There are 2 protein chains.
Amino acid sequence: MSSNSSYGAAPRADWPNVRQQLRAHGLRWTPQRRTLIEVLARTDGHVTGAGLIERCRAVDPATIPSTVYRTLDVLEGLGLLSHSHGADGREEFHVQPLAAHGHLHCDSCGTTWEIMADEAAAVVDSMQRSRGFAVDLSHLSVAGRCAGCSPELAG
Amino acid sequence: MSSNSSYGAAPRADWPNVRQQLRAHGLRWTPQRRTLIEVLARTDGHVTGAGLIERCRAVDPATIPSTVYRTLDVLEGLGLLSHSHGADGREEFHVQPLAAHGHLHCDSCGTTWEIMADEAAAVVDSMQRSRGFAVDLSHLSVAGRCAGCSPELAG
DNA sequence: ACCCATATTGCAACAAGTTGCAAGTGCAAT
DNA sequence: ATTGCACTTGCAACTTGTTGCAATATGGGT
């Protein structure tokens with residue numbers, strides 16, 4: 001058995017206290033949730049639902065998909081993570097980093113970039129002004145063609 | 001130019017000539033495609049893939065899902081329609097109207113609005129300038145909370 | 001330590017798509 | 001009308017999620 005001492009704890013979401021947060025909401029701490037949280041704590045950035053299930057199975061082969069998806073919902077409710085839909089519509093979870101952000105996805109090369117708040121200000125402000133609509137930046141996913149793949153440069 | 005009040009039975013896609021367009025691309029005209037196109041010609045606005053299949057079955061009960069999805073891909077390739085992903089990630093097809101546009105979806109009340117080019121100019125221009133990224137407006141789907149559902153007004 | 005209310009789990013069925021492949025068919029040339 | 005190529009179809013298996021329900025387990029109270 002490998003002693004899982006400090007694994008280089010990252011200052012991301014407050015994983016060590018998830019248990020308290022769950023309890024504070026009348027929710028429970030279960031082995032299955034512990035597994036998923038262990039995986040999430042090691043996760044850096046984006047993951048798809050399927051990817052998460054795969055990693056959970058590495059920890060506990062008995063992992064059931066529906067349980068993972070449901071726990072993911074709960075954790076999103078607690079604000080520990082958010083999800084959006086990639087260009088193919090598949091779910092993409094994002095471990096809550098220091099700031100909410102959207103994504104830019106190139107249909108041609110498949111690369112994905114993050115759009116931080118200042119860059120997205122254009123949309124956010126515009127929708128807020130013209131419609132009073134509050135854009136959910138963490139769920140924003142913009143598709144198109146990146147500079148490197150643009151027709152002009154590609155020839 | 002913000003006077004697009006007449007948005008009714010406009011000269012939508014050129015359905016009568018789809019056959020010619022297919023042929024011009026070395027593609028074929030089949031009964032199954034004819035069925036789907038017949039349905040699309042009657043369709044006004046947005047539809048989900050499942051919804052389209054359902055309508056096709058009303059015309060031809062023998063309709064097979066994969067065939068519909070594949071034909072949809074072909075038609076999208078011809079530029080006759082486009083698709084994006086709703087807030088739940090499900091596919092949403094859009095019969096090509098007079099202009100490409102994105103969508104605004106309220107997570108609270110579920111209403112969806114169309115964002116026309118001028119409104120989306122903020123994002124499009126911003127991404128083009130800062131990253132040389134060409135946003136695909138027809139695939140853009142922005143989620144958030146509308147004015148009517150905003151906490152301030154609702155409380 | 002025991003109880004109990006109810007949050008969760010596991011399972012199976014279902015829904016929306018996607019994909020590989022062999023059989024079928026449109027259509028342009030002959 | 002016939003032929004042939006390659007575009008299409010139908011089918012089945014698979015992927016990603018979602019949902020209803022009965023069985024189980026968590027955690028506060030005693």
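**Close-up views of the predicted model**

**View 1. Strand pairing between chains A and B.** In this predicted model, S6(A) and strand S7 (residues 141-145) of chain B run antiparallel and are joined by two bridges. Within this pairing, Val135(A) stands opposite Gly144(B) in S7(B).

**View 2. The side of chain A that touches chain B.** Here 27 residues of chain A are in contact with 27 residues of chain B. Three elements of chain A each give two or more residues to this side: helix H5 (117-131), strand S6 (134-135) and strand S7 (141-145). H5(A) supplies the largest share, seven residues. By residue class, this side of chain A holds twelve nonpolar, eight polar and seven charged residues.

**View 3. Residues around DNA strand C.** DNA strand C is surrounded by 25 residues. Leu27(A), Trp29(B), Gly49(B), Ser66(B) and Glu91(B) are the closest. Chain A gives two or more residues to the surface near DNA strand C from each of helix H2 (31-42) and helix H4 (65-77). On chain B, helix H3 (49-59) and helix H4 (65-77) do so.

**View 4. Make-up of the surface near DNA strand C.** Which element gives the most to this surface? H4(A) does, with four residues. How do the residues of this surface divide into nonpolar, polar and charged? Eight are nonpolar, ten are polar and seven are charged.

Technical notes
Residues are numbered from 1 along each chain as its sequence is written. Chains are lettered from A and ligands numbered from 1 in the order in which they are written. This is a predicted model: local features need pLDDT of at least 70, side-chain atom pairs count only at pLDDT 80 or more; totals for chains, interfaces and linings use all residues. A residue is near a molecule or strand if its C-beta atom, placed from the backbone, lies within 6 Å of it. Ala, Val, Leu, Ile, Met, Phe, Trp, Tyr, Cys and Pro count as nonpolar, Asp, Glu, Lys and Arg as charged, and the others, Gly among them, as polar. Two residues are in contact if their C-beta atoms, placed from the backbone, lie within 7 Å. Two strands pair if DSSP finds at least two bridges between them.
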